[in-house]
Amino acid sequence: MNRTLAAIKVEDDVLAHNYHPLPVVIESARGAWVVDVDGKRYLDCLAGYSALNFGHGHPVLLAAARGQLDRATLTSRAFHNDRLGPFAAKLADLCGMQMVLPMNTGAEAVETGVKVARRWAYEVKGVPADTAEIVVAAGNFHGRTTTVVSFSTDEQARAGFGPFTPGFTVVPYDDLDALDAAVGERTAAVLVEPIQGEAGVVVPSDGYLAGVRRICDDRRALFVADEIQSGLGRTGATFACELAGVRPDVYLLGKALGGGVVPVSAVVSSREVLGLIGPGEHGSTFGGNPLAAAVGSAVVDLLATGEYQAAARRIGAVLHGGLRELVGHGVTAVRGVGAWAGVDIDPAVGTGRQVCEALAERGVLVKDTHGSTIRLAPPLVATDDEIGWALARLREVLTARPGN
Ligand SMILES: Cc1ncc(COP(=O)(O)O)c(C=O)c1O
């Protein structure tokens, strides 16, 4: 048995099967490339679902982490640490906001956003106790915790996990009439992804996010933008909302905020909103730890240069240019913005999974979603040549028809 099969067997025996990974066992990684236990190299065109926007082992982020490892890694928020304040100040500034509530994972940031929005509804908007509603969009993906799957429309994510948390209203995505009808006096917030990643990189129509902003303003509800996947450079802007010229009331951030080194997430908002949370009302042992804050600070510094947003635009031009040429040649549709694409595979060619497996054999890592769609989100350190090389492998796979 080769080392790949042996490693997969060990995992299969002891790990809950809550994922169905491609049969690639990564041993090391640098920049846009990973190497498996048998020494084979792959171009990483998934980038940890955008957690690795800056690539694997970015020297600046590793230096920040290494420097902090020798100072202090965890204090808990029972005490202050000298990294957290400066990180929060920089992050608030990057977002054009005033306050930060640090957590660890994306789902925790969403849970926190839900609590904060409810608190605002009761204390500021005057919604009667325990009746606040949050309006969300069908096809959403905001994480896997019980409350978060309560408002998922993906039956696989929910079946067998009830009872669910009440207080959510689901409307179709990209449908302002439906949103308009759903937002009312008890609405605390509208929670949407500016681009739906897991759904297959679904970009809403021009004017949708501006419409969400208008409805929230008219009805006095918070606009909570889940930019956990779309934010921090992926789309060619720091935030996908910026592309639509819109400022939400609350940003939910995660993934790339930890630079692919440590889990870091945050809720970023105004003093009016985050100032409503007092001691003992919310928290996390690891949220805001000095190691996370040191890496997060370095991430914000990288983003403040604008270099990675520009790289996403450059990669996007090559990626989308190449993908458009494949429409009608094994691809039925392509969506996306910047270095982010959802590609619908013609079922006659094979399933998304089969295309991903065939690409992995050729040294390109991507991931399928919802059966026939594959998602590409290469690290923003990938070169044009590398993107061109990956596109050539995709063309080969589509021509070879992996499903046959
Ligand atoms: C938009 C969005 N929100 C929330 C999450 C959940 O993040 P995590 O897996 O870190 O809990 C994800 C993860 O894919 C996501 O894409």
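Where does P163 lie in this structure?

## The cis peptide bond

In this predicted model, P163 is placed in the loop between α7 (155-158) and β6 (168-171). The peptide bond that leads into P163 from G162 is cis, and its omega is near 0°.

## Positive phi outside glycine

Two residues that are not glycine deserve a look at their backbone angles. Y49, which is found in helix α2 (residues 47-50), has a positive phi of about 50° although it is not a glycine. With a relative accessible area of 26%, Y49 is partly exposed.

R220 also carries a positive phi, near 55°, and is likewise a residue other than glycine. In contrast to the helical setting of Y49, the place of R220 is in the loop between α9 and β8 (222-226). The relative accessibility of R220 is 43%, so R220 counts as partly exposed, given that this class covers the range between under 20% for buried and over 50% for exposed.

## Salt bridges

How many salt bridges does the count come to? The count comes to 18 salt bridges, and several of them can be described through their partners. One of them joins the side chains of E198 and R375, with an N to O distance of 3.2 Å. E198 belongs to the loop between β7 (187-192) and α9 (208-219), while R375 belongs to strand β15 (residues 373-376), so this pair ties together parts that are 177 residues apart in sequence. The two partners can also be described by their accessibility: E198 is partly exposed, with a relative accessible area of 23%, whereas R375 is buried, with a relative accessible area of 3%.

A salt bridge between neighbours in the sequence numbering is formed by D368 and K367, whose closest N and O atoms are 3.2 Å apart. Are these two residues buried or exposed? D368 is buried, and K367 is buried as well.

Within helix α15 (residues 384-400), E396 and R393 are three residues apart, which means that about one helical turn separates them. Their side chains meet in a salt bridge, with 2.7 Å from N to O. E396 is partly exposed, with a relative accessible area of 33%, whereas R393, at 14% relative accessibility, counts as buried. Elsewhere, R119, E123 and E281 are joined into one network by salt bridges that share partners.

## Helix packing

Helix α3 (residues 59-69) packs with helix α12 (residues 290-304) at an angle of about 155°, and the axes of α3 and α12 are 9 Å apart. Because angles over 145 degrees count as roughly antiparallel, α3 and α12 are described as roughly antiparallel to each other. The crossing in which α3 passes α12 is right-handed.

Helix α14 (residues 352-361) packs with α15 at an angle of about 125°, with their axes 10 Å apart. That angle makes α14 oblique to α15. The crossing in which α14 passes α15 is right-handed. Helix α15 is also the helix that holds E396 and R393, the pair whose side chains meet in a salt bridge.

## A nonpolar surface patch

Which residues make the nonpolar surface patch of about 300 Å²? The patch is made by V10, V14 and L15. Of these residues, V10 lies in helix α1 (residues 3-14), and V10 counts as exposed because its relative accessibility is 54%.

## A buried strand residue and a separated pair

L365 lies in strand β13 (residues 364-365), and L365 counts as buried, its relative accessibility being 11%. From L365 to V327 the separation is 38 residues in sequence and 20 Å in space, taken from C-alpha to C-alpha. Unlike E198 and R375, which are joined by a salt bridge with an N to O distance of 3.2 Å, L365 and V327 are described here only by their separation in sequence and in space.

Note on methods:
Residues are numbered from 1 along each chain as its sequence is written. This is a predicted model: local features need pLDDT of at least 70, side-chain atom pairs count only at pLDDT 80 or more; totals for chains, interfaces and linings use all residues. Side-chain values use heavy atoms; hydrogens and water are left out. Patches are made of residues with over 30% relative accessible area and no salt bridge: like charges are joined within 9 Å, nonpolar side chains (Val, Leu, Ile, Met, Phe, Trp, Tyr) within 5 Å. Accessible areas come from the Shrake-Rupley method with a 1.4 Å probe; for residues, only the protein chains shown count as cover. A salt bridge is a side-chain nitrogen of Lys or Arg within 4 Å of a carboxyl oxygen of Asp or Glu. Helices (H or I, at least four residues) and strands (E, at least two) are DSSP runs, numbered from the N terminus. Buried means under 20% relative accessible area, exposed over 50%, partly exposed in between (1.4 Å probe, protein chains only). Axes are lines fitted to C-alpha atoms, for helices over the stretch in contact, and angles run from 0 to 180 degrees between N-to-C directions. Angles under 35 degrees count as roughly parallel, over 145 as roughly antiparallel, 65 to 115 as roughly perpendicular and the rest as oblique. A crossing is left-handed if the near helix is turned anticlockwise from the far one by less than a right angle, and right-handed if clockwise.
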